[in-house]
Amino acid sequence: MKKRYCTESGFTLAELLLYTGVASLMVVAISSTITLLWEARIKNRTIAEVEQQGMQVMEFVTQTIRNAESVTAPAAGSVGSTMTLDVVDTAVDPTVFRLSSGQVVVDEGSTTITTALTNDHVAVSDLTFTNLSGTSTPGIIRVQFTMTYSSA
C-alpha cells in the first residue's frame with residue numbers, strides 16, 4: 001500500500017470568507033475612527049474661532065472704555081444697542097461701537113472711519129451695552145453679545 005501525501009496548498013472557501021470578513025471589519029472600524037477624529041477636529045476649530053473672536057472684541061472694547069474720558073451713550077442706568085465714548089484723541093472722537101450686518105463695528109471720529117472687529121466666520125447678535133455707572137463712579141459698562149459660527 002502506498003502512502004499518499006497531500007501536496008496541495010491554499011485556503012478553503014471558509015477560511016477565505018473568514019479572513020475577508022475580519023479585514024472588512026477592521027477597515028470599517030478604522031474609517032469610523034478617522035471620521036470621528038476629523039469631525040472632532042472641525043468642532044474644536046469652530047469653538048476656538050468663536051472664542052477667539054469674542055475675546056478680541058471684549059479686549060478691544062474694554063481697552064477703549066478704559067482710555068476714554070467718558071461714556072456718553074447709553075446714559076447711566078440705561079441699556080443701549082450702541083455705545084458712544086468721548087475719547088481723548090480728537091481724530092477718533094467720538095468712538096461708537098455698534099452691530100452692523102452681524103459684525104461688531106467701531107466708528108471712529110467725525111469722518112466715521114468704520115472698522116469691523118469680527119470677521120465673516122462668526123455672526124454676532126444681541127449686542128447690548130448696559131451703563132451701570134452711578135453718579136460718583138467711573139464708567140462701568142456691561143457688554144453682552146451672542147456669537148455663532150457662520151459657515152458661509
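Student: How many helices and strands are there in the chain, and what makes a run count as one?

Tutor: The chain of this predicted model has one helix and eight strands, where helices are DSSP runs of H or I with at least four residues and strands are runs of E with at least two, numbered from the N terminus. Residues are numbered from 1 along the chain as its sequence is written. Because the model is predicted, local features need pLDDT of at least 70 and side-chain atom pairs count only at pLDDT 80 or more, while totals use all residues, and side-chain values use heavy atoms, without hydrogens and water.

Student: Why is the chain called more spread out than a compact globule?

Tutor: The globule rule, 2.2 Å times the number of residues to the power 0.38, gives 15 Å for 152 residues, whereas the radius of gyration, taken over C-alpha atoms, is 31 Å, well over that value, so the chain is more spread out than a compact globule. Along its principal axes the C-alpha trace spans about 120 × 30 × 20 Å.

Student: What makes a residue buried, and what share of the chain is buried?

Tutor: Buried means under 20% relative accessible area with a 1.4 Å probe, counting protein chains only, and 24% of the 152 residues meet this.

Student: Which residues touch the most other members of the largest nonpolar core?

Tutor: They are Val-61, Met-83, Leu-85, Phe-97 and Phe-129, in a core of 19 residues, a nonpolar core being a set of buried Ala, Val, Leu, Ile, Met, Phe, Trp, Tyr and Cys residues joined through side-chain atoms within 4.5 Å. Helix 1 (13-67) and strand 3 (83-87) are among the elements that give two or more residues to this core.

How values were computed: Buried < 20%, exposed > 50% of the residue type's maximum accessible area, 1.4 Å probe, protein only.
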